[in-house]
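Here's a quick briefing to read alongside the model. Have the viewer open, and we'll go through it topic by topic.

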Amino acid sequence: MARGTLLVTAPIRASWHVGRVANRRPETPSAVRLELDVSTWPGNHAGSHLDIRLTAPDGYQASRSYSIASSGQSTRVMLVVEELPAGEVSPYLVQQLDEGDQLEVHGPLGRYFVWSPTESDRSPVQLIAGGSGVVPLFAMAMAREYESENADFRLLYSVRTPEDVFFANELASLTQTAVDIVHTRRAPPESSRAPGRLTQGSLGGFVFPASATPRIFLCGPTPFVETIAGWLLQLGHDPTRIRTERFGGIR
Ligand SMILES: Cc1cc2nc3c(=O)[nH]c(=O)nc-3n(C[C@H](O)[C@H](O)[C@H](O)COP(=O)(O)OP(=O)(O)OC[C@H]3O[C@@H](n4cnc5c(N)ncnc54)[C@H](O)[C@@H]3O)c2cc1C
């Protein structure tokens with residue numbers, strides 16, 4: 001995945017663009033990886049998102065937000081969309097949107113939930129994802145990957161089964177981010193941990209201690225984010241250093 005030739009250092013104004021699906025492939029049995037060519041894209045920081053707007057032939061419109069898995073000044077924008085079977089937009093994006101199709105995107109959005117390699121704060125960065133919440137955190141880990149020296153990175157990724165892991169090959173190849181994958185329903189045979197949700201007691205073993213004053217980026221379904229954020233506070237983490245992004249919905 002290209003980062004583009006330059007880091008994004010200047011403020012970026014969000015606006016509407018037309019994107020063309022350059023590439024699509026299954027990411028998991030229920031998710032698709034989409035690469036969009038957006039010729040007018042101004043670049044984006046790692047962690048930002050965009051809105052997709054679909055318009056039906058009768059003029060009905062629906063918009064949804066999707067995190068951007070890529071970063072930098074490239075005009076190739078990568079998304080991963082998980083299908084919610086009863087959803088309005090995601091089944092269309094996963095099952096029907098095809099290479100060559102065009103769609104409207106608005107962005108990049110989100111100045112708060114981003115990480116830039118140029119930041120002066122070099123304290124550790126803890127990434128915590130539930131399900132598809134890994135997408136913006138993957139962009140941050142990839143941005144960190146291009147740096148020889150920068151903050152220590154750790155990723156904790158809660159996912160149902162091994163087949164549901166997004167970016168499986170890329171995560172296994174990361175050299176600058178320590179990755180822990182916690183399986184909630186079924187773990188791989190070689191796993192030393194029985195499947196099950198994170199608990200208040202187990203969380204501390206997967207994250208930088210509060211004494212290291214990490215910055216924390218936490219993303220996923222709303223109940224996941226709220227539960228983990230509460231436990232982080234009980235572990236003594238500074239609330240001003242915890243940034244959250246909620247995808248909505250149930251888990
Ligand atoms: C900032 C931001 C970034 C996002 N990034 C991504 C991303 O990278 N990849 C991705 O797949 N999704 C992402 N989402 C979620 C996405 O915007 C949609 O909510 C999702 O695709 C469902 O849309 P839908 O129209 O198919 O379902 P809807 O018709 O909107 O909802 C159907 C039902 O599913 C529930 N629901 C909605 N969202 C979720 C969810 N995430 N998990 C479980 N239940 C849910 C609703 O409560 C409702 O009951 C992001 C959301 C936000 C706010």
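What follows covers one sheet, the helix on it, and a pocket.

Bear in mind that this is a predicted model. Two things are worth a look: an open sheet of five strands with parallel pairing, and a largest pocket that holds about 1000 Å³ of space.

**The sheet**
- Going across the sheet, the strands come in the order E9-E8-E7-E10-E11.
- At the edges sit strand E9 (177-183) and strand E11 (242-246), each of which pairs on one side only.
- On average, neighbouring strands here are turned by 10° against each other, ignoring direction.
- Strand E10 (residues 215-220) runs parallel to E11, and five bridges pair them.
- If you want a spot to zoom in on, Phe-217 stands opposite Arg-243 in E11.

**The helix on the sheet**
- Helix H5 (residues 222-234) packs on the sheet, where it touches strand E7 (125-130), strand E8 (153-159), E10 and E11.
- The direction of H5 makes about 155° with that of E10.

**The largest pocket**
- Domain 1 (15-109) and domain 2 (125-246) both give residues to the lining, so the largest pocket lies between them.
- Its lining has 37 residues, and the closest to the pocket centre are Glu-82, Leu-84, Ser-132, Pro-221 and Phe-247.
- Strand E4 (61-67), strand E5 (76-82), E8 and E11 are the elements that give two or more residues to the lining.
- E4 gives the most, with four residues.
- By type, the lining residues split into 12 nonpolar, 14 polar and 11 charged.

Technical notes: Residues numbered from 1 in each chain as written. Predicted model: local features only at pLDDT ≥ 70, side-chain atom pairs only at ≥ 80, totals over all residues. Heavy atoms only, no water. Pairing = 2+ DSSP bridges. Axes fitted to C-alpha atoms, helices over the stretch in contact; angles between N-to-C directions. Contact = heavy atoms within 4.5 Å. 1 Å grid on protein atoms, 1.4 Å probe; cavity = no way out; pocket = protein on both sides within 12 Å on 5 of 7 lines; lining within 4 Å. Points joined across faces, edges and corners; volume = space filled by probe spheres on them. Nonpolar A, V, L, I, M, F, W, Y, C, P; charged D, E, K, R; others polar. Domains from an automatic or database assignment.
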